[in-house]
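I opened the notebook for a quick tour of one chain. Here is what I looked up, in the order I got to it.

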Amino acid sequence: MAETDKDDLISIIDEDEKDANFPDILPLLSVRDVVIFNDMLLPLFVGRKKSVRAVEEAVSKDGFLLIVTQKDPGIENPKPDQIFSVGTVSRILRILKLPDGSIKALVQGISKARIVKYVLKRSLYRVKIETIVEPPIKKISLKIEALMRNIREHSEKILDLRGEMTSDVSAVLESIEDPGKLADLVASNLRLKIDESQVLLELIDPVKRLKKVNDLLAREVELSSMQAKIQSDVRDEISKNQRDYFLREQVRVIHRELGESDEKVEEIKDYKKKIKSARMSKAANKEALKQLKRLEKMYTDSAEASVVRTYLDWMVDMPWSKTTKDVIDIKQAKKVLDKDHFALNKVKDRILEYLSVRKLNPKMKGPILCFVGPPGVGKTSLGQAIARAMKRKFIRISLGGIRDEAEIRGHRRTYIGALPGRILQGLKQCGTNNPVFMMDEIDKLGSDFRGDPSSALLEALDPEQNVAFSDHYLNLPFNLSKVMFILTANLTDTIPSALLDRMEVITLPGYTEEEKKTIAQRHLIPRQIKENGLKARNISISSGALHQIITEFTSEAGLRNLEREIGSLFRKVARKIAEGEKGHFRITKNNLQRYLGVAKYYPEMDQESSQVGLSTGLAWTQAGGDVLYVEASLIGGKGELIITGQIGDVMQESARAAFSYARASLSLLGVKENVFENKDIHIHVPAGAIPKDGPSAGIAMATALISVLVNKPVNKDIAMTGEITLRGRVLPIGGLKEKALGALRGGIRTIIIPEKNKKDLVEIPLHIKRKIKFVPVKNMDKVLSLAIEGNVLGNG
């Protein structure tokens, strides 16, 4: 918790104003476990809505309110007949408003008062009060003086027994001459029950109150003396551990001779009952009973007994035979998946196929699915939707950054604080042995001297082996074959091949603009309206404005930034409403900039005109497809190739292959053979701070290079992807759908692709094919004729 600045405390009144008059109608604050007396200073924590409103009303006026104790502390919202009728008019001296809406307040009792009637009962209690005036004591008699002295002595004795007595406290007690005030001071500091304190508060006569306090003090002296004696005895007992052990053993023998049971016997019986009801496997049951016999022979408080006890607790709590019954309704499951996720048809079909087979063959093993795609495309939420569709429990763990094999397999019981691995912990947490188990970020697993977690996962994720998964802690086979494992990753490159081989990879490439628009209207906008405290009638976004947010304020395959921008927009509207503006807020293309500022992306303006030596390639990244520009330039030199832009080894090899192809084709291009005698070629890929690699930029590099050699511009409206060979052949690439989506976001309408990637066009949605023209090519001649303006090869 952060420290509170002194400036955060709001002082309500000055010290000189404490004795001001108060009105006869006041807000009422009911308190649970305390009775406030006159002149008593008390810090209060106010959390209930009615109480907070009462404090706020008091603060907004003169700081006065009536504090009354409720009869039953367990009642959350007491009614008038559940609150005492006599309380204390108090004044709020200071308040501190906390972030969760509750209030800390410092109050001081001013005067006793009785509730005459409740004026308001709905949002807060407001009451009409009658001040209780105590009869004055004209002269302090010897009897009253003796009572006061007796109270002072008893108070000092109690404080001395508690170790709280100081000279300052003694001075305060001696300085009070008024009998009523002395009675109130002592009563407020005694540990009395609520009913006893309330009786004292309602005693109007100060002398009677003084007598009652004296009686209670006498009882408290006896209690404190007894408590001090018990604590002294306990201290003596603690120092006799050996003697205690001997006595306990004697007691155990006595119990056994009398035929009575002790705690240990009861514990053993309880474990036997739990082991039987857990319905473990044969091997697990045998091991559990063996450990139970060991526990029976051990000293109860020994360290080893504690280890065995923890092991048995894990054994009996594991869901050895607890299974959730699958409700397999294919049509209903499809409805659930369609309701929660738009598009992603390939993934949904695979889930429905699994459910269909499961319906026909209930004993089938759970599949190991791996959702691969850029951030924000809905991999994790899809797992939750699958669990809902199957009526199964859902467990999620994150594997990102895990380096210790024990996180998966658990620690051996010989280690202090040993526990099972994350898999068995998740199964215990959900309480069934067939949940949907999601492992996020499988591609971000690490490894070091403590082991390789990915190797430990091989057994858990192999349907042929996980029937008898062995955790180091339990050291017993546990059946994971009923678990439906779903893993997520941004890319498969960093997943070990042996682990990848055990999984069925399903790619989630990202969303088109139309899909994002539909998802925003169905899911993101309603969710942000709710989260920002708005109502659908308060705000609406036009179709044009939503399209502008998608194209000019975000550039991503997923939806996270889109939801952030919509959230930012709604927060600004929420502020306007909170400040008092009324009416319906309609967001259109014309006023969008007022809310979100200037656009962050102008993809169609990145390359305003066709230029010599500038070609447009396509790249696939962890965040989805993207447009990649390649620049080439001839400079003075000795025929060397200069490559910049923080590109990887594979891309550098593509650049050298493109350079060799260009040199071999000089005569066909109509370029002098000696052009490189005094010229260097510089190839640069912009965004130099971002690492780039892969072979698919080969033809884009060759096109930019040849554009410089023939001094003809590259068509800015054409993007290309493909690997180049020394003979000018164009080889196939991966991630075509992601690259097509990236091109669409970048305003590209024609893409040159390798001939062998024609088969991948089947997976590209029809509405993307309508907007983008895909041109398959076999060699560089076709690429150059399409991309470079003019007849490049006609000069040779």
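Is Glu441 buried, partly exposed or exposed? I found that Glu441 counts as partly exposed, because its relative accessibility is 30%. My cut-offs are under 20% relative accessible area for buried and over 50% for exposed, with partly exposed in between (1.4 Å probe, protein chains only).

Before going on, I noted the ground rules: this is a predicted model, in which local features need pLDDT of at least 70 and side-chain atom pairs count only at pLDDT 80 or more, while totals for chains, interfaces and linings use all residues. Residues are numbered from 1 along each chain as its sequence is written, and side-chain values use heavy atoms, with hydrogens and water left out.

**Entry: positive phi**

I came to Glu441 for its backbone: its phi is positive, about 60°, although Glu441 is not a glycine. Glu441 sits in the loop between β10 (436–440) and α16 (453–460). For helices and strands I use DSSP runs numbered from the N terminus (H or I, at least four residues, for helices; E, at least two, for strands). I reminded myself that most residues other than glycine have a negative phi.

Asn475 went into the same entry, with a positive phi of about 55° although it is not a glycine. I located Asn475 in the loop between β11 (469–470) and β12 (477–478). Asn475 is exposed, because its relative accessible area is 52%.

**Entry: the whole chain**

I counted 27 helices and 27 strands. The C-alpha atoms fill a box of roughly 130 × 75 × 55 Å along the principal axes. The radius of gyration, taken over C-alpha atoms, is 40 Å, where a compact globule of 796 residues would have one near 28 Å; the globule rule is 2.2 Å times the number of residues to the power 0.38.

Buried residues make up 46% of the 796. I then looked at contacts (heavy atoms within 4.5 Å). Of those with a separation of 6 or more, 74% join residues 24 or more positions apart.

**Entry: helix α18**

Where is the kink in α18 centred? I found it on Ala520, a kink of about 50° in a helix that covers residues 513–531. The bend at a residue is the angle between axes fitted to the seven residues ending there and the seven starting there.

Ala520 is among the buried residues of α18, and so are Glu513, Lys516 and Ile529. The buried residues of this helix pack against β15 (539–541), α19 (543–552), α20 (560–578), α25 (736–745) and α26 (766–771). Just after α18, I noted a positive phi of about 70° at Gly533.

**Entry: two buried helix residues**

I picked Arg409 in helix α14 (residues 406–409). Arg409 is buried, because its relative accessible area is 13%. Setting aside neighbours within four places in sequence, I listed its contacts, including Gly421, Ala456, Glu459, Asp471 and Tyr473. From Arg409 to Leu424 the C-alpha distance is 8.5 Å, with their positions 15 residues apart in sequence.

My last stop was Ser51 in helix α1 (residues 49–60). Ser51 is buried, because its relative accessible area is 6%. Beyond neighbours within four places in sequence, Ser51 is in contact with Leu29, Ser30 and Val46.
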